[in-house]
Amino acid sequence: MAKWAMVIDVSRCTGCYCCFTACKDEYWDNDYPPYSAGQPKHGQFWIDLVKKERGMYPWVKVAYIPLLCMQCDDAPCVKAAKNGSVYKRPDGIVIIDSQKAVGQRQIVDACPYHVIFWNEEKQLPQKCTFCVHMLEEGKIPKCVQVCPSQALVFGDLEEPKSNVSKIVASGKTEALNPEHKTKPRVYYLGVPKLFIAGSVVYGDVDECAEGVSVTLVDQSTRRSTETSTNNFGDFEFDGLGTGKYSVKFECKGYAAKTVDVDLKTDKHLGVVNLTRARP
Ligand code: SF4
Ligand code: SF4
Ligand code: SF4
């Protein structure tokens, strides 16, 4: 028995909305009994993109986080449903029964990820089915098929050679909003965290300082990470948590410089001027 799962690599998502459009095309006004009733034209987003902007001028980053039903192993929507109208299949997919769930608006409210939608005309809660009707035909979900960036990876966790198994086994994935504690079957890579960035300049000649060694030290763990400035003198450390850090700049012929940062939100250090080392 397969255990279906999806990995979403946020760092690969360009925000093109192909997944959204393909899902709408597949489900708008199309019934796939017994798994789903036709979706209305407007108001339902079985896969949507959460736009996340970080930083401020001159260092702004935008990420798009694809959001769909997490096919939770401990699903609040299953618990909220009456008459077994929402159930989890042995392969992990959570299905809303389109007949039994009629009139059960509380199912919409139960989802902490807000990915169940109310069909006013049919008085029915509806959501992503992991394209179960396509899986039965040996295909992968429509949104995964069309993603031009390979940001969506789908497969069987019971198959060790599948890409999802390998990625999940790497230990690099995380749950979106883990505080919900619903044991999602959708795993994420590259969820935006905090960054420290800046621009380094040779103060004596007022030019961009390329190739400067920049070392970040996490003050609580003493763990260090290194990078170097690019040809614009820019550098960045991303994927950081809140806390205290020091950033050290070293370049031959110039005095080493250290900047302390108490990181609570994304931080651009501005222009860091290096001064000539004393002979
Ligand atoms: S994400 Fe929401 S709708 Fe999907 S299984 Fe979890 S609780 Fe249910
Ligand atoms: S898996 Fe299928 S139903 Fe779910 S969001 Fe993707 S295309 Fe839509
Ligand atoms: S199709 Fe892929 S790249 Fe485009 S928005 Fe969806 S997940 Fe992102």
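**Entry 1: ligand 3.** I looked up what surrounds ligand 3 and found 14 residues, of which Cys13, Cys16, Cys18, Cys19 and Cys147 come nearest. Two elements, helix 1 and strand 3 (59–68), give two or more residues each to this shell. I sorted the shell by class and got 11 nonpolar residues, three polar and no charged. I note here that the model is a predicted one.

**Entry 2: ligand 2.** I moved on to ligand 2, which has 13 residues around it. Cys23, Cys128, Cys131, Pro141 and Cys143 are the closest of them. Which elements supply at least two residues of this shell? I found helix 1 (18–27) and helix 5 (142–146). Helix 1 gives the most, with three residues. By class I recorded 10 nonpolar residues, one polar and two charged.

**Entry 3: ligand 1.** I counted 14 residues around ligand 1, and the nearest are Cys69, Met70, Cys72, Cys77 and Cys111. This shell divides into 11 nonpolar residues, two polar and one charged.

**Entry 4: a sheet.** I then turned to the strands and looked up an open sheet of three, in the order 8-1-9, with mixed pairing. Why is one side of strand 8 (152–156) and of strand 9 (186–189) left without a neighbour in the sheet? Both stand at the edges and have a single partner strand each, so nothing in the sheet lies on the other side. I read the average turn between neighbouring strands as 20 degrees, direction ignored.

**Entry 5: one pair of strands.** I checked strand 1 (residues 4–9) against strand 8 and found antiparallel pairing over five bridges. For alanine 5, the bridge partner in strand 8 is glycine 155.

Key
Residues numbered from 1 in each chain as written. Chains lettered and ligands numbered in written order. Predicted model: local features only at pLDDT ≥ 70, side-chain atom pairs only at ≥ 80, totals over all residues. Near = placed C-beta within 6 Å. Helix = DSSP H or I, 4+ residues; strand = E, 2+ residues; numbered from the N terminus. Nonpolar A, V, L, I, M, F, W, Y, C, P; charged D, E, K, R; others polar. Pairing = 2+ DSSP bridges. Axes fitted to C-alpha atoms, helices over the stretch in contact; angles between N-to-C directions.
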